[in-house]
Amino acid sequence: MTDAYTVLRHCPLLAGFPDAALHEAARHARVRSFQANQPIYEKGEPQSNLCVIAEGLVRISSVNAQGQEAVLIIFDSGTWFGDAVFSPGTGRVYGATAHEAAVLVEVPGPFFRDLLQRYPQSYPVVLDLISQRLWSAISMIEEDALRGTQARIGQRLLFLSQMQRGGKPESGPVTVRLTREHIANMMGMTRQGVHRTLKAFETQGLITLGYGRITIEDEAALREHLATLN
């Protein structure tokens, strides 16, 4: 049985809240289970819950009018998502789907925003993590516009790694549950071109390729390598 308090206590976004606030959040939270490929919410929905993954994997993606899915990232357990919780009334930019059987702890948006107001000491941590996500997204956009293939793919890996860490400090390898096909699809590249770049990164010891996953061995080393590229 999933203990909501334990899940929330280990969520990086909530690290600035005192224990009493986490217990209160756990009492208001809802634990939900999803089967593989079951939608959690659709793109455009005005749903504003803060979601923390207790078990399983969640796929964040967008689907066009032709039904083609573009995967942004696949989140593992311990990660939080649902940034729309900070912008009530706006639609979800992406949809979320259980990539495999998953259990979520959901904190209602209105309650979470009220909790922020009542515990202002939480703001530094929350603002820092939101700023990190924004900075990573802006950096990725810049790379896509101005840099070559290796730099673009490398920056995307750093973005995915930062999202997967969820705000935890860089302290070792980070594994993202994405295939080469997923990356090629999200970046509008060929699978062969992505494969060549990833194999080059692997040869340099920057990443390790596995079945359905990519491990960024050292984010700082990858960042330093990208700085040497045009």
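Start by selecting strand β9 (residues 174-176) and strand β11 (residues 213-216): three bridges join them, and they run antiparallel. Strands here are DSSP runs of E with at least two residues, helices are runs of H or I with at least four residues, and both are numbered from the N terminus. Two strands count as paired if DSSP finds at least two bridges between them. Before going on, please keep in mind that this is a predicted model, in which local features need pLDDT of at least 70 and side-chain atom pairs count only at pLDDT 80 or more, while totals for chains, interfaces and linings use all residues. Residues are numbered from 1 along each chain as its sequence is written, and side-chain values use heavy atoms, with hydrogens and water left out.

**Around β11**

Stay with β11 and pick I214, which stands opposite V176. I214 is also the bridge partner of L209. To see where L209 belongs, add strand β10 (residues 207-210), which is joined to β11 by four bridges and runs antiparallel to β11. Now zoom in on the turn: β10 and β11 make a hairpin with two residues between them, and G212 in that turn has a positive phi of about 70°.

**Two open sheets**

Next, colour the strands of the open sheet with the order β1-β8-β3-β6; there are four, with antiparallel pairing. β1 (30-34) and β6 (80-81) are at the edges with a single partner strand each, so one side of each has no neighbour in the sheet. At the β1 edge, look for the five bridges to strand β8 (residues 102-107). One pair to label there is R32 with L104 of β8, which stand opposite each other.

Then move to another open sheet of four strands, ordered β2-β7-β4-β5 and again paired antiparallel. Its edges are β2 (39-41) and β5 (69-75); each has a single partner strand, so one side of each is left without a neighbour in the sheet. On average, neighbouring strands of this sheet are turned by 30° against each other, direction ignored; axes are lines fitted to C-alpha atoms, for helices over the stretch in contact, and angles run from 0 to 180 degrees between N-to-C directions.

Select strand β4 (residues 58-63) and follow its six bridges to β5. V58 has F75 as its bridge partner in β5. Is S61, also in β4, buried or exposed? S61 is buried, at 4% relative accessibility (buried is under 20% relative accessible area, exposed over 50%, partly exposed in between, with a 1.4 Å probe and protein chains only). Show what S61 touches beyond four places in sequence: E69, A70, V71, L72, Y94 and G95, where contact means heavy atoms within 4.5 Å.

**The α5 and α8 pair**

Switch to helix α5 (residues 149-165) and helix α8 (residues 219-227), whose axes come within 10 Å and cross at roughly 155°. The two are therefore roughly antiparallel (over 145 degrees; under 35 is roughly parallel, 65 to 115 roughly perpendicular and the rest oblique). Among the α5 residues that meet α8 are Q150, L157 and R165, and the α8 side includes E219, L222 and L226.

**Last stop: M189**

Finally, centre on M189, in the loop between α6 (180-187) and α7 (191-203). M189 is buried, with a relative accessible area of 17%. Which residues does M189 contact, leaving aside neighbours within four places in sequence? They are T149, R152, I153, A184 and V194. To finish, draw a distance from the C-alpha atom of M189 to that of Q155: the two are separated by 15 Å and lie 34 residues apart along the chain.
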